[in-house]
Amino acid sequence: MVDRIKKASRNTSQNEGLIFEKSAPGKRGFELPPADVPAVDAQGLLGADYARADIEGLPEVSEIEVIRHFTRLSTWNYAIDLGMYPLGSCTMKYNPRINEHVARLEGLATEHPYQPQELTQGCLKILFTLQKCLLEITGMEAATLQPAAGAQGELTGLLLIRAYLESQGNPRKKVLVPDSAHGTNPATAVIAGYEVENIRSDARGQIDVEQLAKIVNEDVAALMVTNPSTLGIFEQRIAEVAEILHAHGVQLYMDGANMNALAGIAQPGRFGVDVMHLNLHKTFSTPHGGGGPGAGPVLVKKHLEPFLPVPVVVEKNGRLALDAARPQSIGRVRAFGGNFGVLVRALAYILAYGPGIRQATEDAVLNANYIRKQLEGVYDLPYASPSMHEVVFSDSRQKKTGVGTMDIAKRLIDYGFHPYTTAFPLIVPGALMIEPTESESKEECDLFIDAMRSIAEEAATQPELVKTAPHSTRVGRLDEVGAARKPILRWKPKSSAESAD
């Protein structure tokens, strides 16, 4: 290990086995009193094929073993509360605790807008107010909060476009997707029933507008553009792109995952966007992913409003209601609006900032450009266009000594940082995608910069040190290819023969 490491994560807890490995017959976490009702013969009642006499294989452990086991495991997790997440595109910003406090207020934590509407005016007011805020931030004209995540928001947006075009007599055949778009965009287009045609970026990393003008025709339903793109670059000719599309009746879909670079500064609705989604966890600090709560609101121009999924929050005679009587609607896009708590958190974040949300955006862009400036010349910068909220380097300099982006990311763990996004976007070979967000102070950014500069020096002078990283973790470098192709998803106890060995 080199002595230049200024920050390192070193956990104090010991290694931890599986809970099954702590099991021993007879251990109990609690004891229930004897039952005061007759026991039920489940097998006799349901039949032997449908009831088990016992549950085999569950661990038998004491309460303190359970507590210590899961507490130790929790200390292994890297979290935004511990340090910086420089993951580009993912926008792993800090979730302010005030959001959590508001979501847990009495009268909110136990309520839901799908209760009887005379009892849910407060909940509906939250949804209605959040919609108004998002419409103001984006410059759009109508919204749905129903989609459960950004990817479902994408699908909802394309289904709205398809429904609108069908109402015009032709759903069309193709969706254009730039090579700098998010990877979910092509998949979404296919699921929505469209063919995908790729649009190459020009030398500046932006949409090749001249190429676009040649291929846009009446077979094209929409262009899906991520703006700023996954390169962290704003599409400077986006208004011109919108004019080309609209001249042929083509809709402009904007992937709003990178709205963290625009909020309070630029409104997509004013540069020609017809429909877009937002990732509330990326721009508005709600909990991030993990298959849990999420929200991907979709915002549209007026001509797409009749097709919004039901129900829609509307105001009638001074009262708020969920309107499901919309004959042109694409229907529901999810069975239940279970993300109400996430929407509460997003509104809390927006109202806490107010007009200051512009300052958050400016800070995010400043942090990204500060890191870019400090690492230029150390790592290769494939596109010289101005960076927005994130910066994308490549590993081409380090490749000369056999060190790649994954090696650098693994070595970064030794310096106490979560790795950046590796090998994405695909149009940059060996990409290092870095997004500090507005959450990080100059001091934290400086620590990250020092770590990245140190790793670059190691790659030049001690490449094996980097290629065999990480060195400070409980386990060394894993066989990721083997893990992906031959995953072991179930623990099996050793046989008696193996135990004897």
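This is a short tour of one chain, stop by stop, with selections to make in the viewer.

**Whole chain**

The model is predicted. Start with the full chain in cartoon view. It holds 16 helices and 12 strands. Its C-alpha trace spans about 75 × 70 × 40 Å along the principal axes. Switch on the surface. The accessible surface of the chain is about 24,700 Å², and carbon and sulfur atoms supply 54% of that. Of the 501 residues, 49% count as buried.

Next, consider the contacts. Among those with a separation of 6 or more, 71% join residues 24 or more positions apart. Then colour by charge. There are 51 positive and 59 negative side chains. The centres of these two sets lie 2 Å apart.

**The nonpolar core**

Select Leu 134 and Phe 284. Within the largest nonpolar core, which has 60 residues, these two touch the most other members. Now add helix H4, residues 121-138. Helix H4 gives the most to this core, with 10 residues. In soluble globular proteins, nonpolar side chains tend to be buried together.

Stay on Leu 134 and show its surroundings. Setting aside residues up to four places away in sequence, Leu 134 touches Leu 145, Leu 278, Leu 280, Phe 284, Pro 297, Leu 299 and Ile 350. Phe 284 is also worth selecting with Tyr 349 and Tyr 353. These three form one aromatic cluster.

**Aromatic pairs**

The chain has seven aromatic pairs. Select Tyr 164 and Phe 307. Their ring centres are 6.2 Å apart and their planes meet at 75°, so the pair is edge-to-face. Which parts of the chain does this pair tie together? Tyr 164 lies in helix H5 (residues 150-167), while Phe 307 sits in the loop between strand S7 (298-300) and strand S8 (312-316), so the pair joins parts that are 143 residues apart in sequence. Both Tyr 164 and Phe 307 are buried.

Move on to Phe 234 and Phe 271. With ring centres 5.9 Å apart and planes at 85°, this pair is edge-to-face. Phe 234 is in the loop between strand S4 (220-226) and helix H8 (238-247). Phe 271 is in the loop between strand S5 (251-256) and strand S6 (275-278). The two residues are 37 apart in sequence, and the pair links distant parts of the chain.

Are these two rings buried or exposed? Phe 234 has a relative accessible area of 21%, so it is partly exposed; the cut-off for buried is under 20%. Phe 271 is at 11%, so it counts as buried.

**Ser 394**

Select strand S10, residues 391-394, and find Ser 394 in it. Its relative accessibility is 5%, so Ser 394 counts as buried. Show the contacts of Ser 394. Leaving aside neighbours within four places in sequence, they include Tyr 379, Asp 380 and Pro 382. Val 428, Pro 429, Gly 430, Ala 431 and Leu 432 are also in contact with Ser 394.

Now draw a distance to Pro 33. The C-alpha atoms of Ser 394 and Pro 33 are 64 Å apart, with their positions 361 residues apart in sequence.

**Ala 469**

Finish at Ala 469. Look in the loop between helix H14 (463-467) and helix H15 (480-485). Ala 469 has 0% relative accessibility, so it counts as buried. What does Ala 469 touch, not counting residues up to four places away in sequence? The partners are Lys 410, Arg 411, Asp 414 and Arg 477. For a last distance, pick Gly 57. Its C-alpha atom is separated by 37 Å from that of Ala 469, and the two are 412 residues apart along the chain.

Key. Residues numbered from 1 in each chain as written. Predicted model: local features only at pLDDT ≥ 70, side-chain atom pairs only at ≥ 80, totals over all residues. Heavy atoms only, no water. Helix = DSSP H or I, 4+ residues; strand = E, 2+ residues; numbered from the N terminus. Buried < 20%, exposed > 50% of the residue type's maximum accessible area, 1.4 Å probe, protein only. Contact = heavy atoms within 4.5 Å. Areas by Shrake-Rupley, 256 points an atom, 1.4 Å probe, with all protein chains shown as cover. Lys, Arg positive; Asp, Glu negative; His and termini not counted. Charge placed at Lys NZ, Arg CZ, Asp CG, Glu CD. Core = buried A, V, L, I, M, F, W, Y, C linked by side-chain atoms within 4.5 Å. Phe/Tyr/Trp six-rings, centres within 6.5 Å; stacked < 30°, edge-to-face > 60°.
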